[in-house]
Amino acid sequence: MVISLLVSVVDDDQSVRESLPALLQQLGYATQVFASAEEFLVSDYVDDTRCLILDIALPGMSGPDLQQELIRRGHRIPIIFITGLDDEAVRERLLSLGAVEYLSKPFSEGALLAALDAARRVR
Amino acid sequence: MTLTEEIGAHSHDLCTSNPDTRCAQRWSGFCIPYIGATIGDLFQKRHPLRVVLDALCGLFDAALEGHCSSVVLLDPTQARVRYAVGPNLPSSYNEQLTGNPVRVVGAPHIAYGLRLSWSSPILSLTGELLGVFAVFLREGSDPVPIPPTLLPQFAHIASVAIERGRSVEKSGRSEAILRKTQYLSSTGSFSWRPATDEMEGSEELYRIFELDSSLRLTLELMCSRVHPEDVPLFREKISRARNGSDFEFEHRLRMPDHSVKYVRSTVQATRDEDDQLDYIGVIQDVTPRSLSEEALDKARAELARVARVSSLGALTASIAHEVNQPLSGTVTNCSTCLHMLAADPPDLEGARETARLAIRDAQRAADVIRRVRALFGRRNEPTESVDLNEATQEVIALLLTELQRAGADLRMELAEDLPLVRGDRVQLQQVILNLLLNACEAMKDVQDRPRRLVIGTERGEGGGIRLRVRDTGLGFEPQDLKRLFQAFYTTKTGGMGIGLSVSRSIIERHHGRLWGELNDGPGATFSFSIPCEPAQCAAKDHRWSSVYSSRS
């Protein structure tokens with residue numbers, strides 16, 4: 001069995017923080033959850049994170065802000081954005097900035113799997 | 001003086017002042033009084049001025065063999081030829097002059113083989129140049145002597161005719177304008193002499209009353225169209241009018257098809273030369289206005305609803321977000337659940353727990369929908385006991401995303417043990433929503449300081465409860481304070497500006513008041529206070545307790 005890849009989830013919504021890691025574990029990933037971008041940045045998991053599932057509308061530092069901050073710090077973590085607010089313009093912009101996928105909540109397991117596969121192919 | 005008399009007087013001058021007896025004989029046979037009578041008759045028969053002038057030239061020509069006369073009429077600016085007439089001149093000659101600027105007319109008669117014998121300006125009584133009376137000699141004809149004063153006299157007859165024609169035209173025009181004005185303003189007029197009950201009504205009056213125009217107007221006839229319920233009022237006004245008092249009142253008419261019209265009657269007394277009362281009345285059909293006032297009321301109500309709905313529009317994204325979060329949890333949990341059931345061996349306990357989480361999340365989504373419906377539904381909730389803190393928190397739950405988007409740093413300072421208030425929960429929430437959205441809007445362009453938004457509740461003076469929303473936005477100009485609460489007034493470029501006026505009326509319906517004030521620092525604070533439920537007012541003193549940030 002391959003070593004579980006670490007997928008970190010950053011979302012201020014409790015139900016996402018509870019449900020998504022459970023599914024990711026079922027899919028064979030190791031997970032860490034964070035309620036804010038700041039929490040993630042100060043955690044010990046930034047270096048180990050192989051894929052970041054990141055909410056866009058976060059209190060304080062937003063998801064896109066975190067994306068920029070990670071690029072600035074030289075972390076090239078594949079990012080799957082998730083959002084409750086579908087916006088085509090935002091989607092275009094984030095994908096052009098290097099995001100792997102942009103998923104609108106609620107998203108299916110199939111969409112999540114495809115995004116995770118894409119994230120694994122990065123680099 | 002009638003036209004005939006006037007022309008007759010001149011013809012008398014013409015005959016008596018003529019020193020040349022040979023001419024006098026000739027011209028007395030010409031019978032100038034006959035001209036006056038003929039011209040007067042033409043006017044009587046309402047012939048247009050052009051025909052009258054043409055006839056005048058014809059009469060002149062009949063007496064002078066080999067000559068033909070012409071009247072060139074100028075337009076009121078005196079710069080252009082209005083038209084030229086002369087029955088014995090070639091019609092192309094007359095047409096050639098029509099409409100031309102006077103300066104370029106030149107001497108076109110030469111081309112027609114005519115020689116100008118005499119001409120005289122036609123002047124009005126005030127000396128205004130109206131036109132020219134000219135007599136031409138045909139080629140090959142011999143000149144005929146005419147008395148030297150004849151031409152000016154004829155020109156004078158023409159001038160009287162022209163002035164008369166103009167005044168007829170003018171009064172015809174003003175009559176037409178009056179008729180049109182009455183029609184456009186749905187205003188009919190009538191005159192009434194109480195002494196004899198003689199009446200006359202305008203075309204529009206007949207139209208409004210839907211009366212056959214051949215009927216003679218009488219008070220009784222008018223009364224027959226007055227709505228039966230308004231007949232006593234109508235009769236009373238009429239009987240008072242007989243004593244010389246003016247009146248103005250609104251009443252209804254009922255048409256034969258039972259449709260109802262709303263009219264405003266204004267009647268004013270005047271006195272004629274014999275000091276007899278003479279009334280001039282106008283009756284305006286205000287039905288469309290009355291109906292539109294009704295429509296306006298409806299529109300206002302609709303607008304108030306639209307204002308709510310447009311807040312909803314602004315919040316749609318926020319609501320979608322609020323609903324999608326728990327839905328996302330539900331979908332994810334169900335996927336997890338399936339995995340757990342498909343495992344070998346199935347993780348039944350895990351599946352059960354995950355299914356519960358899915359149910360909880362679905363319930364949360366349903367809760368959001370219920371809150372939205374409560375907030376924006378059209379139903380009128382009956383009065384109930386309302387916990388303002390709870391109502392506030394519900395609004396904030398819906399607004400969180402919007403507040404974040406606006407970059408507002410929200411602090412809630414809700415007093416604990418707040419007495420309940422009596423009122424319409426949904427309406428009060430709309431007010432809170434309006435105040436919060438206004439605050440966000442006011443801070444939209446603030447860049448140099450934190451966009452701090454504080455919503456607080458506390459016990460106010462007089463046993464009421466006060467809710468305040470304080471922002472660090474742009475505030476407002478003190479002189480605008482009053483206007484802020486008027487419908488349609490807004491300092492925003494977007495938005496309908498109805499929020500504060502509707503909010504105030506909601507609070508006033510709750511026997512409270514809503515006001516705004518500028519902060520000591522930047523921004524403004526809008527507050528309302530409403531009385532609490534009587535049984536609650538004696539409750540213990542409040543303490544500040546739940547002071548927390550939305551960002552926790």
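## The S15–S16 hairpin

In this predicted model, S15(B) and S16(B) form a hairpin with 5 residues between them, and B:Gly523 in the turn has a positive phi of about 95°. The two strands, of which S15 covers residues 513-518 of chain B, pair in the antiparallel sense over 6 bridges, and B:Gly516 has B:Phe526 as its bridge partner in S16(B).

S16(B) also pairs with S14(B), again in the antiparallel sense, over 7 bridges; here B:Arg470 has B:Thr525 as its bridge partner in S16(B). Because 6 of its 8 residues are buried, S16(B) is largely enclosed by the rest of the structure.

## Nonpolar cores

The largest nonpolar core holds 42 residues, and those touching the most other members are B:Leu435, B:Leu436, B:Leu453, B:Ile455 and B:Phe528. Elements of chain B that give two or more residues to this core include strand S14 (464-471), strand S16 (524-531) and helix H15 (499-509), while H13(B) gives the most, with 10 residues.

Leaving aside residues up to four places away in sequence, B:Leu453 touches, among others, B:Leu403, B:Leu410, B:Leu436, B:Met443 and B:Val469. A second, separate core of 31 residues includes B:Phe60, B:Tyr83, B:Phe154 and B:Ala161.

## Chain B as a whole

The secondary structure of chain B comprises 15 helices and 17 strands, and 44% of its 552 residues count as buried. Of the contacts in chain B between residues at least 6 apart in sequence, 61% join residues at least 24 apart. The accessible surface of the chain comes to about 28,600 Å², with 52% of it belonging to carbon and sulfur atoms.

Notes. Residues are numbered from 1 along each chain as its sequence is written. Chains are lettered from A and ligands numbered from 1 in the order in which they are written. This is a predicted model: local features need pLDDT of at least 70, side-chain atom pairs count only at pLDDT 80 or more; totals for chains, interfaces and linings use all residues. Side-chain values use heavy atoms; hydrogens and water are left out. Helices (H or I, at least four residues) and strands (E, at least two) are DSSP runs, numbered from the N terminus. Buried means under 20% relative accessible area, exposed over 50%, partly exposed in between (1.4 Å probe, protein chains only). Contact means heavy atoms within 4.5 Å. Accessible areas come from the Shrake-Rupley method with a 1.4 Å probe; for residues, only the protein chains shown count as cover. A nonpolar core is a set of buried Ala, Val, Leu, Ile, Met, Phe, Trp, Tyr and Cys residues joined through side-chain atoms within 4.5 Å. Two strands pair if DSSP finds at least two bridges between them.
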